[in-house]
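New notebook page. I'm opening this one up cold and jotting down what I look up as I go.

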Amino acid sequence: MRQSRAVEDRFWEKVVKGPEPNDCWVWIGAIADDGYGRFWVTREGGQRALRPQRYAYEKLTGQTLHPGIILLHACDVPLCVHASTGPDTHLVPGTQALNMLDRSRKGRHANASTFRWRGVGRAQFRAQSLTLRTALLEHGWNETIIRPLLTGIDPEAPTLF
Ligand SMILES: [Zn+2]
């Protein structure tokens, strides 16, 4: 389908993938007040906002998510759309979520973003998403700049923007 292909292309143009296989794939399109992305598409003649992580999950796994099924970020990065059917997926639906979160707590997940993204207020959460997007738009995936924005782990990184 020509039209759906165009929509998919438009989606991936707004995603920046980290260099390592386990890295996050970060959405750099629209960000809503909740700090999560929005992917605007035309559906049934009107504009509709989709959650990028749900869109990516369904495209990459071939599975349709029931609207009532939540999708959690095992990596804790709200803009991440790195989905796969394997154990390396960053996006975990409903029932699998507890297992993955447990795995994350035990330190076996590649990302260390929990410290930066969990337990912050809504405004701060959104501000961090916007900062991450701005950095990716301005610098691409510059490891020195992007990694601390994902994990909050490198306090010596200078502020370059
Ligand atoms: Zn991720």
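**Entry 1: a ring pair.** I started with W27, which counts as buried at 0% relative accessibility. F39 is buried as well, with a relative accessible area of 0%. Note to self: this is a predicted model, so I'm reading computed values here.

I then looked at how the two rings sit. The centres of the W27 and F39 rings are 5.6 Å apart and their planes are at 75 degrees; planes over 60 degrees apart count as edge-to-face, so that is what I call this pair. W27 is in strand β2 and F39 in strand β4, 12 residues apart, so I noted that the pair links distant parts of the chain.

**Entry 2: other rings.** How many aromatic pairs does the structure hold? I found nine. W12 and W25 make one of them: ring centres 6.2 Å apart, planes at 80 degrees, so edge-to-face. W12 belongs to helix α1 (residues 2–12) and W25 to strand β2, 13 residues apart along the chain.

Are these two buried or partly exposed? W25 has 15% relative accessibility, which is under the 20% limit, so I put it down as buried. W12 comes out at 23% and is partly exposed.

I also followed the ring pairs onward: they link F11, W12, W25, W27, F39 and Y55 into a cluster.

**Entry 3: a lysine over the rings.** K17 turned up twice. Its charged end sits over the ring of W12, 5.1 Å from the centre. K17 also lies over the face of W25, at 4.0 Å from the ring centre.

**Entry 4: the core.** I looked up the largest nonpolar core and got 29 residues. Those with the most contacts inside it include F11, V26 and L136. β1 (15–17), β2 (25–27), β4 (37–43), α2 (52–61), α5 (122–139) and α6 (143–151) each supply at least two of its residues.

I picked L136 for a closer look: leaving out residues up to four places away in sequence, L136 touches V16, V26, I28, W141 and I146. Apart from this core lies another, of five residues, among them Y57, L71, A83 and L91.

**Entry 5: the zinc ion.** What coordinates the zinc ion? I found C24 (SG), C75 (SG), C80 (SG) and H90 (ND1), at 2.1 to 2.4 Å. The donor atoms subtend angles of 106 to 113 degrees, which makes the arrangement tetrahedral. Along the chain, the donors follow the spacing C-x50-C-x4-C-x9-H. I checked two of the cysteines for burial: C75 is buried, and so is C80.

Methods: Residues numbered from 1 in each chain as written. Predicted model: local features only at pLDDT ≥ 70, side-chain atom pairs only at ≥ 80, totals over all residues. Heavy atoms only, no water. Donors = N, O, S within 2.8 Å, 3.2 Å for Na, K, Ca; no water. Tetrahedral: all angles 85-135°; square planar, octahedral: opposite > 155°, others 65-115°. Buried < 20%, exposed > 50% of the residue type's maximum accessible area, 1.4 Å probe, protein only. Core = buried A, V, L, I, M, F, W, Y, C linked by side-chain atoms within 4.5 Å. Helix = DSSP H or I, 4+ residues; strand = E, 2+ residues; numbered from the N terminus. Contact = heavy atoms within 4.5 Å. Phe/Tyr/Trp six-rings, centres within 6.5 Å; stacked < 30°, edge-to-face > 60°. Lys NZ or Arg CZ within 6 Å of the ring centre and 35° of its normal.
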